[in-house]
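Please prepare a briefing on the protein shown below, written for someone who is meeting its structure for the first time.

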Amino acid sequence: MLSFFDVLGLVYGRQNEKGKRNGDADDGTEPGGQQGPPTLQSRRPAGPSLPRASQADIDSNPMRYVDMRADEIRYARHSEHEYGGETFNVAVVQQRGRPETRRVVITSNKDFRNAPGNVPLGPRESYVNPDAPRQTYREKDTGSRRVVPRPEDDTSHHAEQRTQRVIGDDEEIVAQAPTRGCCPECQAALGDNINTIPEHRRSPEAYNRHRVQERAVQTTSDGE
Ligand SMILES: [Zn+2]
């Protein structure tokens, strides 16, 4: 499953370059379904073999924390799920200018109300979905609830934009990492906060380059 995701990640990037609509597909469809089987070269170790993000890094190196934690979550999810447009965002936030108040907020572009079972949370982490109620509205006449389809060009449910909405007015984002490259719509929505994302996650193109490099390193070490 992991290697299949890798292939799709590259396809996703190529689609972007062609100018097709970018965005975290939230309808469960898989881009690039015409691709062949994954190659051996694209295999990566499963989640448990990755280094675990150090809780101390929340204070001492928040950029490294979110980067490693995003990888942990990504591998935890994709070891048992095929790629389905799912993105998580891991953010270290604090009350303005007060590092001693740091906490970790995790959001996703899906409508999970709670963190999935295979994403156990650290002691300072919380999973937040600010928009779950937005999915339904009560009909005026009957009072019954109905699911409202999300407009196609609406990206406000993307994990990074949800992070922006869940932090308090007195809080700031210190570092954040989406589990794949930040899309153009989120880049625009984040404004200066784009600088709180590790460089290789700031765009789909940067992230795809990073993944190719990762696989090259992995293939080399496999051969030794
Ligand atoms: Zn986005």
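In β6, the residue Gln-176 is the bridge partner of Ala-91, and this single pairing is a convenient place to enter the structure, which is a predicted model. The pairing belongs to a longer contact between two strands, since β1 and β6 run antiparallel to each other and are joined over seven bridges. The protein as a whole has six helices and six strands, and along the sequence these follow the pattern α-α-α-β-β-β-β-β-α-β-α-α.

**The sheet**

- Four strands form an open sheet in the order β3-β2-β1-β6, and the pairing within this sheet is mixed.
- The strands at the edges are β3, which covers residues 125–127, and β6, each of which pairs on one side only.
- From one strand to the next, the twist averages 25°.
- Helix α4, made of residues 159–166, packs on the sheet and touches β1, β2 and β6, while its direction makes about 135° with that of β2.
- As general background, the strands of a sheet pair through backbone hydrogen bonds, and they may do so in either a parallel or an antiparallel way.

**Strand β1 and its partners**

- On the side of β2, the strand β1 is held in an antiparallel arrangement by seven bridges, and within this arrangement Val-93 stands opposite Arg-103.
- The hairpin formed by β1 and β2 has two residues between the strands, and in this hairpin Gly-97 takes a positive phi near 70°.
- On the side of β6, the residue Gln-94 has Glu-172 as its bridge partner.
- Seven of the eight residues of β1 are buried, and the strand is therefore largely enclosed by the rest of the structure.

**The nonpolar core**

- The largest nonpolar core contains 24 residues, and those with the most contacts inside it are Val-66, Val-90, Ala-91, Val-92 and Val-104.
- Two or more residues are given to this core by each of α3 (62–78), β1 (88–95), β2 (98–108), β6 (171–178) and α5 (184–190).
- When residues up to four places away in sequence are not counted, Val-92 touches Ile-58, Pro-62, Tyr-65, Val-66, Arg-102, Val-104, Val-174 and Ala-175.
- In soluble globular proteins generally, nonpolar side chains tend to be buried together.

**Helix α3**

- Helix α3 has 17 residues and reaches 24 Å from its first C-alpha to its last, which is close to the 24 Å expected at 1.5 Å a residue.
- The buried residues of α3 include Pro-62, Tyr-65, Val-66, Arg-69, Ala-70, Ile-73 and Arg-77.
- An α-helix has 3.6 residues a turn, so residues three or four places apart point the same way.

**The surroundings of Cys-182**

- Cys-182 lies in the loop between β6 and α5, and this residue counts as buried because it has 26 C-beta neighbours inside 10 Å.
- Apart from its neighbours within four places in sequence, Cys-182 is in contact with Glu-160, Gln-187, Ile-194, Ile-197, Arg-201, Arg-202 and Ser-203.
- Among these contacts, Ile-194 is twelve residues from Cys-182 along the chain, and the C-alpha atoms of the two are separated by 8.7 Å.

**The protein as a whole**

- Buried residues make up 30% of the 224 residues in the protein.
- Of the contacts with a separation of 6 or more, 61% are between residues that are 24 or more positions apart.

Technical notes
Residues numbered from 1 in each chain as written. Predicted model: local features only at pLDDT ≥ 70, side-chain atom pairs only at ≥ 80, totals over all residues. Core = buried A, V, L, I, M, F, W, Y, C linked by C-beta atoms within 7 Å. Buried ≥ 20, exposed ≤ 12 C-beta atoms within 10 Å, placed from the backbone. Contact = placed C-beta atoms within 7 Å. Pairing = 2+ DSSP bridges. Expected span 1.5 Å × (residues − 1). Axes fitted to C-alpha atoms, helices over the stretch in contact; angles between N-to-C directions.
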